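Thanks for making the time this morning. I would like to take you through two places in this structure, one after the other, so please have it open in front of you.

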Amino acid sequence: MTLSAQEFLQIDFPALLAAVLACAACALVGNFLVLRRQGMMGDAVSHAVLPGIVAGFLIAGTRETMPMMVGALAAAALSGVLIEAVRRLGRLESGAAMGVVFTVMFAAGVVMIEQAAARGVDLDADCVLYGQLETILWLAPTGWGSLLDPAAWAAMPREVVTLAAVFVLCVALVVLFRKELTITTFDPALASTLGIPAGLFHYGVVLLVAATAIAAFEAVGSILVIAMLIAPPAAARLLTDRLGVQLVLSVALGVLAAVAGYGAAAFGPLLLGGEHSLSAAGMIAVASGLILALAALFGPTHGVLGRRRALGRLRGAGAVAAEGRSS
Amino acid sequence: MQYLWRTPGSHTLPEEASPIGPAPLSVRDLTVAYHRKPVLWNVDYTAPNGGLIAVVGPNGAGKSTLIKACLGLVPRVSGTVEVFGQPVAKQRRLIGYVPQRESVDWDFPVSALDVVAMGRYGKIGWFRPVSRAHKEAALHALERVGMADFARRQIGQLSGGQQQRVFLARALAQEAQLYFMDEPFAGVDAATERAVLQVLRDLDAAGRTVICVHHDLQTVAEYFDHVLLMNTRVVAHGPVARTLTPELLGRTYGGQPLPLPVRETAAP
């Protein structure tokens with residue numbers, strides 16, 4: 001079977017672009033969750049936004065993105081405040097506080113969806129979980145030449161445009177506030193004594209994660225968002241000891257997972273003689289997991305094999321030294 | 001035996017009003033509570049201008065909390081903190097801070113130089129990258145603690161003592177007038193102890209004021225000029241020779257702390 005350029009550009013290219021942008025944006029902001037040891041926050045925020053999405057939809061009465069986005073951001077902000085409140089008033093560790101808040105809020109969202117469904121409103125929790133990467137179509141291109149045609153680019157699906165905007169926003173904020181994000185993550189107490197509002201940056205990170213997650217949901221679903229917030233940064237951390245390198249590397253690994261996962265899902269079964277393509281979001285999440293596993297095994301200093309080799313060298317050196325003494 | 005290495009005259013500085021401008025630190029009626037339990041109770045203290053001051057007391061006496069309250073890191077139930085005559089929030093640039101080593105994640109992917117450069121962030125300000133001049137200042141601070149050779153090393157690969165020296169270098173890079181240090185001598189090797197002590201003496205010689213939480217009673221008199229004895233309340237403060245007496249130490253460490261009334265307005 002051959003794939004025409006037009007078919008690829010209309011069906012696969014926009015979906016791939018959406019996946020790449022979503023993975024890159026999630027991977028970039030995910031670094032600060034992983035470094036703050038708040039990986040669970042991605043899970044919490046991406047579930048806690050559900051009641052906000054439903055409320056936005058019910059209040060506005062349309063499937064427009066804007067009201068749902070606003071509702072989701074409001075819910076994310078509320079969840080951030082609630083988590084902090086539960087942690088302090090309930091005197092719980094932050095993981096437990098997140099667990100309580102996001103399950104309660106997600107449950108509230110599910111109840112709201114059920115109520116809406118009873119009134120004949122069509123809203124599906126599944127599309128939040130799994131996304132609808134396969135439905136993102138770019139109908140403008142007619143061949144490779146369309147890639148150079150601004151009019152064709154202007155017809156790019158809204159999901160892709162939103163994700164591109166969010167990715168640019170994430171990069172801009174991380175570049176602008178690199179110092180402040182670093183110090184408030186590493187040593188919030190020192191940051192406060194220098195006059196840098198560490199608490200504000202905490203909520204800022206939560207909100208940026210929320211905005212990224214919300215933009216990515218529609219395209220790739222919350223499962224992939226959660227995987228992408230954690231796996232590429234965690235893999236990058238195993239490959240370097242420099243923060244700047246880690247940030248760039250995590251984005252590269254996110255892109256790699258998106259391309260490899262999408263390729264495997266869309267074209268793998270065809271190559272193997274199968275009929276149906278696989279879930280792209282699912283395969284991308286699997287690819288990110290594989291990348292993390294490979295980094296954990298083969299990472300130069302932090303990988304299992306690297307540590308083994310270092311131990312072996314130490315033992316070798318010890319044996320040589322012992323021989324030197326005995327002779 | 002007490003070894004006083006400062007010039008004898010300096011101990012006659014009056015405690016309250018310094019001849020050279022307002023006191024580096026002036027704490028009035030400071031009360032701090034964690035979950036309704038008072039940790040600091042009506043603390044009044046004025047630090048002398050210049051010199052090394054040890055904050056001494058048993059575990060749970062609120063020594064670290066005093067430092068954090070002075071820095072504005074924990075909410076106060078009542079009281080005021082002034083640094084060189086102004087509220088602490090206005091004087092951040094004059095203050096350097098060395099937190100306890102355990103307070104941060106040493107697995108963080110930054111080098112020793114990166115951490116020391118953080119001490120310059122207050123001078124660099126928003127949106128600007130760490131310039132060459134600031135990196136050089138950070139490197140110079142690392143040299144002063146004997147850690148220049150480790151500038152590029154990821155902080156997790158340093159020993160505990162080396163990590164403590166990195167924290168100290170970061171405070172030096174802040175170029176402050178008043179330093180708060182939370183147990184800079186805790187659990188360090190002999191080389192680090194000497195390095196920390198040398199830095200304290202250099203700061204003192206340069207006219208800076210250093211307030212250290214210190215846990216080793218045996219070295220208080222050797223390392224410090226002044227001492228603040230506390231156990232939730234201030235027990236006594238003043239020059240080491242006059243204050244570090246068995247009687248006052250007994251009152252600081254002996255027996256149970258007094259049961260204290262609880263104010264309902266305790267901050268969370």
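Let me begin in chain A, with the contact in which A:Glu159, A:Thr162, A:Leu163, A:Val166, A:Cys170 and A:Leu173 of helix α8(A) meet A:Leu208, A:Ala211, A:Thr212, A:Ala215, A:Ala216, A:Glu218 and A:Ala219 of helix α11(A). Sorted by character, the residues of this contact comprise 9 nonpolar, 2 polar and 2 charged. I should say at once that what we are looking at is a predicted model.

As for the geometry, α8(A) covers residues 158-176 and α11(A) covers residues 198-239, and the two pack with their axes 9 Å apart, at an angle of about 160°. Angles over 145 degrees count as roughly antiparallel, and α8(A) and α11(A) are therefore described in that way, as roughly antiparallel to each other. The crossing that α8(A) makes with α11(A) is left-handed.

Now please turn to chain B, and to strand β7(B), residues 178-182, where 5 of the 5 residues are buried. The cover extends to both faces of β7(B), with B:Leu178, B:Phe180 and B:Asp182 buried on one side, and B:Tyr179 and B:Met181 buried on the other.

What, then, does β7(B) pair with? Strand β6(B), residues 95-98, runs parallel to β7(B) and is joined to it by 4 bridges, and here B:Tyr97 has B:Phe180 as its bridge partner. Strand β8(B), residues 209-213, is also parallel to β7(B), with 5 bridges joining the two, and in this pairing B:Asp182 stands opposite B:Val213.

Note on methods
Residues numbered from 1 in each chain as written. Chains lettered and ligands numbered in written order. Predicted model: local features only at pLDDT ≥ 70, side-chain atom pairs only at ≥ 80, totals over all residues. Axes fitted to C-alpha atoms, helices over the stretch in contact; angles between N-to-C directions. Parallel < 35°, antiparallel > 145°, perpendicular 65-115°, else oblique. Left-handed = near helix turned anticlockwise from the far one by under 90°. Contact = placed C-beta atoms within 7 Å. Nonpolar A, V, L, I, M, F, W, Y, C, P; charged D, E, K, R; others polar. Buried ≥ 20, exposed ≤ 12 C-beta atoms within 10 Å, placed from the backbone. Pairing = 2+ DSSP bridges.
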